[in-house]
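The following report concerns the salt bridges, helix packing and residue environments of one protein model. Please consult the sequence and the structure shown here alongside the text.

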Amino acid sequence: GQGAYQLKHLSRVFLACYRVLRARRDPRAGDTRARARAWLSQRAALIEDERLRHAFLDTPVRRELMGET
């Protein structure tokens, strides 16, 4: 649905911002990634099923934001 699209889109926006800031060696890169991690963690915490929660976080974009790449 639209909610899933918005989640996917916002993850990509966070990642794009993080990558640009990091490439420019902007000190805000770390804060941007931390905010993305917090947002993803909050969203994931709402998913009760462990398998579904893992699937939610197990995308290339989200893994990079969570620091798993």
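## Salt bridges

The model is a predicted one, and it holds 4 salt bridges. One of them joins the side chains of E64 and R19, with an N to O distance of 2.6 Å. E64 belongs to helix α4 (residues 60-66) and R19 to helix α1 (residues 2-23), so this pair ties together parts that lie 45 residues apart in sequence. The two partners fall into separate accessibility classes: E64 is buried, at a relative accessible area of 13%, whereas R19 is partly exposed, at 40% relative accessibility. The assignment of E64 follows from the cut-off, because buried means under 20% relative accessible area.

Another salt bridge is formed by the side chains of D26 and R28, at 2.7 Å from N to O. Here D26 counts as buried, with 19% relative accessibility, while R28 counts as exposed, with 52%. Both values can be read against the cut-offs, because buried requires under 20% and exposed requires over 50%. A further salt bridge links the side chains of R63 and D58, with 2.8 Å between N and O. Both of these residues are partly exposed: R63 has a relative accessibility of 26%, and D58 has a relative accessible area of 38%.

## Overall architecture

The secondary structure of the protein consists of 4 helices and 0 strands. Read from the N terminus, the order of elements is α-α-α-α. The protein has 69 residues, of which 26% count as buried.

Contact statistics describe how the chain meets itself. Among contacts in the protein with a separation of 6 or more, 56% involve residues that are 24 or more positions apart. The pair E64 and R19, treated above, is a salt bridge between parts 45 residues apart in sequence.

## Packing of helices α2 and α3

How do the axes of α2 and α3 cross? Helix α2 (residues 28-45) and helix α3 (residues 50-57) have axes that come within 9 Å and cross at roughly 155 degrees. That makes α2 roughly antiparallel to α3, because angles over 145 degrees are counted in that class. The crossing of the two helices is right-handed.

On the α2 side, the residues of the contact are L40, R43 and A44, and these meet R53, F56 and L57 in α3. Classified by residue type, the contact of α2 with α3 comprises 4 nonpolar and 2 charged residues, with no polar residues.

## The environment of S11

S11 is located in helix α1. Is S11 buried or exposed? Its relative accessible area is 1%, and S11 is buried. This class applies because the limit for buried residues is under 20%.

Leaving aside residues up to four places away in sequence, S11 touches W39, L40, V61, R62 and L65. One of these, L40, is also among the residues of α2 that meet α3. L65, another residue touched by S11, falls within the range of helix α4, residues 60-66.

## Selected C-alpha separations

Two further residues of helix α1 can be related to distant parts of the sequence. L10 is found in α1 and is partly exposed, at 33% relative accessibility. The C-alpha atom of L10 is separated by 9.2 Å from that of A36, at 26 residues along the chain. A16 likewise has its place in helix α1, and it counts as partly exposed at 40% relative accessibility. Between A16 and V61, which are 45 residues apart along the chain, the C-alpha separation is 9.6 Å. V61 also appears among the residues that S11 touches.

A55 lies in helix α3 and is partly exposed, with 43% relative accessibility. The C-alpha atoms of A55 and A44 are separated by 9.7 Å, and the two residues are 11 positions apart along the chain. A44 is one of the α2 residues in the contact with α3.

Conventions
Residues are numbered from 1 along each chain as its sequence is written. This is a predicted model: local features need pLDDT of at least 70, side-chain atom pairs count only at pLDDT 80 or more; totals for chains, interfaces and linings use all residues. Side-chain values use heavy atoms; hydrogens and water are left out. Buried means under 20% relative accessible area, exposed over 50%, partly exposed in between (1.4 Å probe, protein chains only). Contact means heavy atoms within 4.5 Å. Axes are lines fitted to C-alpha atoms, for helices over the stretch in contact, and angles run from 0 to 180 degrees between N-to-C directions. Angles under 35 degrees count as roughly parallel, over 145 as roughly antiparallel, 65 to 115 as roughly perpendicular and the rest as oblique. A crossing is left-handed if the near helix is turned anticlockwise from the far one by less than a right angle, and right-handed if clockwise. Ala, Val, Leu, Ile, Met, Phe, Trp, Tyr, Cys and Pro count as nonpolar, Asp, Glu, Lys and Arg as charged, and the others, Gly among them, as polar.
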